[in-house]
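Got your viewer open? Load the model, keep the selection box handy and follow along stop by stop.

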Amino acid sequence: MSKVPSITLNNGVTMPQLGFGVFQIPDDEAATVIGHALDTGYRSIDTAAVYGNEEGTGRALAASGIPREELFVTTKLWNSEQGYDSTLRAFDASLAKLGLEYVDLYLIHWPVPARDTYVDTYKAFEKIYTDGRAKAIGVSNFQPAHLERLLGETSVVPAVNQIELHPRLQQAEARAFHASHGIATEAWSPLGQGKGLLEDPAIAELAAKHGRTPAQVVLRWHLQLGNVVIPKSATPSRIAENFDVFGFELDDADLAALAGLDSGTRLGPDPATFE
Ligand code: NAD
């Protein structure tokens, strides 16, 4: 049985707090890599139309034999498909590729404010949700101003906002906004993409103190903050290492040391301008 705690989203749906991200895993390798993650115990998989591996993801889920209700599958709508009708078509295509009748979570991948179509897009998401084809709907890379607009012009409060978040980009303002509106914070690039962050001496010190690896310390930090995390690895030993984060606890001094690493450093694009 999974040791992974769940969080309850604002519509009552439960979501594993630790999942497996599949960005940059080629479609023809996805079945093997995701199969390994499922064998390790991961039950939540984070993909996206633009990753080009929804079919491989679907093959892994089908081959696992794990009952559908024990899985939590997230996919995302790509920017070029924003708009009401195009969203409905893109969602059908994603479901067909995944070979599923519903997803657990459907996210708008980026707000693309320059296009100004995320409100119409989200209205299509509300239809998909009402039809029961996504158990929860949400967004990704939305800043508080984009969320304010959605909250004002649509009726279903997003269940999740998936944003870049790691010790060097702690996103205090976004996290506080989410908390005050019942939106769960999900961290992408939770390990800061590995290099650099995981070599930070302050993290190495905490890893030595707890007899853990730097990646485990960083994932533990996310979990204790209440974030949902979706680390990615294609390496079996790291897939296992990243799942083994429930047998230790960071103390207040550890958390304070990690809080001190925030430098506002983005690894990915700026959501205000990314198209
Ligand atoms: P990540 O922070 O999960 O880092 C992954 C990299 O870290 C790996 O490629 C590997 O090089 C290294 N790594 C992993 N485990 C390690 C370990 N135990 N020890 C040492 N190094 C290790 O970064 P990511 O892949 O960018 O993000 C995770 C997931 O978030 C993605 O797969 C995707 O699902 C999602 N994501 C979403 C968005 C978005 O716009 N919504 C953007 C980027 C990523």
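This tour starts at the ligand and then moves from residue to residue. Bear in mind throughout that the model is predicted.

**Stop 1: the ligand**

Select the ligand and show what surrounds it. The space it takes is the largest pocket. There are 27 residues around the ligand, and those that come nearest are Asp-46, Ser-140, Gln-162, Ser-189 and Leu-191. Which helix gives the most to this shell? Colour α9, residues 236–243: that helix contributes three residues, the most to the shell.

Now zoom in on the backbone of Leu-191, Gly-192 and Gln-193. A polar backbone atom of Leu-191 sits 2.8 Å from an oxygen atom of the ligand. For Gly-192, a polar backbone atom is 3.3 Å from a ligand oxygen. Gln-193 has a backbone N or O atom 3.0 Å from an oxygen of the ligand. Switch on a surface here: on its own the ligand has 830 Å² of accessible area, and the protein covers 87% of that.

**Stop 2: Ser-189**

Step back along the chain to Ser-189, one of the residues that come nearest to the ligand. Ser-189 lies in the loop between β9 (184–188) and α7 (201–210). Is Ser-189 buried or exposed? Its relative accessible area is 16%, under the 20% cut-off, so Ser-189 counts as buried. Check the backbone torsions too: phi is positive, about 45 degrees, although Ser-189 is not a glycine. Most residues other than glycine have a negative phi.

**Stop 3: Ala-215**

Next, pick Ala-215 in helix α8, residues 214–225. Ala-215 is buried, with 6% relative accessibility. Draw a C-alpha to C-alpha distance to Pro-190: you should get 9.2 Å, for two residues 25 apart in sequence. Beyond residues up to four places away in sequence, Ala-215 touches Leu-191, Leu-198, Glu-241 and Asn-242. You met Leu-191 at the ligand, where its backbone comes 2.8 Å from a ligand oxygen.

**Stop 4: Asn-161 and Asn-141**

Move to strand β8 (160–164) and select Asn-161, which is found in that strand. How accessible is Asn-161? At 0% relative accessibility, Asn-161 counts as buried. Expand the selection to its contacts: leaving aside neighbours within four places in sequence, they include Val-139, Leu-147, His-178, Ile-183 and Thr-185. Ser-140 is also among the contacts of Asn-161, and Ser-140 is one of the residues that come nearest to the ligand.

Show the side chain of Asn-161 as sticks and look for its polar atoms. One polar atom of this side chain is 2.8 Å from the backbone oxygen of Phe-142. The backbone nitrogen of Asn-141 is 3.4 Å from a polar atom of the Asn-161 side chain. For a longer view, draw a line to Gly-226: the C-alpha atoms are 13 Å apart, with the two positions 65 residues apart in sequence numbering.

Hop across to Asn-141 itself. Asn-141 lies in the loop between β7 (134–140) and α5. With 3% relative accessibility, Asn-141 counts as buried. Its phi is positive, about 65 degrees, although Asn-141 is not a glycine.

**Stop 5: Thr-154 and Lys-123**

Follow the chain to Thr-154, in the loop between α5 (144–153) and β8. Thr-154 is buried, with a relative accessible area of 14%. A polar atom of its side chain is 2.6 Å from the backbone oxygen of Leu-150. Leaving aside neighbours within four places in sequence, Thr-154 is in contact with Val-119, Tyr-122, Lys-123 and Glu-126.

Click on Lys-123, which is found in helix α4, residues 118–130. Lys-123 counts as partly exposed, at 35% relative accessibility. Outside its neighbours within four places in sequence, Lys-123 is in contact with Tyr-84, Glu-153 and Thr-154. Zoom out and connect its C-alpha to that of Asp-252: the two are separated by 42 Å, and by 129 residues along the chain.

**Stop 6: Glu-101**

Finish at Glu-101, in the loop between α3 (84–98) and β6 (103–108). Is Glu-101 buried or exposed? Its relative accessibility is 72%, over the 50% cut-off, so Glu-101 counts as exposed. Leaving aside neighbours within four places in sequence, Glu-101 is in contact with Leu-95 and Arg-133. Last click: from the C-alpha of Glu-101 to that of Gly-52, 49 residues apart along the chain, the distance is 19 Å.

Note on methods. Residues are numbered from 1 along each chain as its sequence is written. This is a predicted model: local features need pLDDT of at least 70, side-chain atom pairs count only at pLDDT 80 or more; totals for chains, interfaces and linings use all residues. Side-chain values use heavy atoms; hydrogens and water are left out. Helices (H or I, at least four residues) and strands (E, at least two) are DSSP runs, numbered from the N terminus. Buried means under 20% relative accessible area, exposed over 50%, partly exposed in between (1.4 Å probe, protein chains only). A polar contact is a pair of N or O atoms within 3.5 Å; within protein, one must be able to donate a hydrogen and the other to accept it, and residues adjacent in sequence count only if both atoms are side-chain atoms. Contact means heavy atoms within 4.5 Å. A residue is near a molecule or strand if one of its heavy atoms lies within 4 Å of it. Accessible areas come from the Shrake-Rupley method with a 1.4 Å probe; for residues, only the protein chains shown count as cover. On a 1 Å grid over the protein atoms alone, a cavity is a set of points where a 1.4 Å probe fits but cannot get out, and a pocket is an open set with protein on both sides within 12 Å along at least five of seven lines; lining residues have an atom within 4 Å of a point. A molecule sits in a cavity or pocket if more than half of its atoms lie within 2 Å of its grid points.
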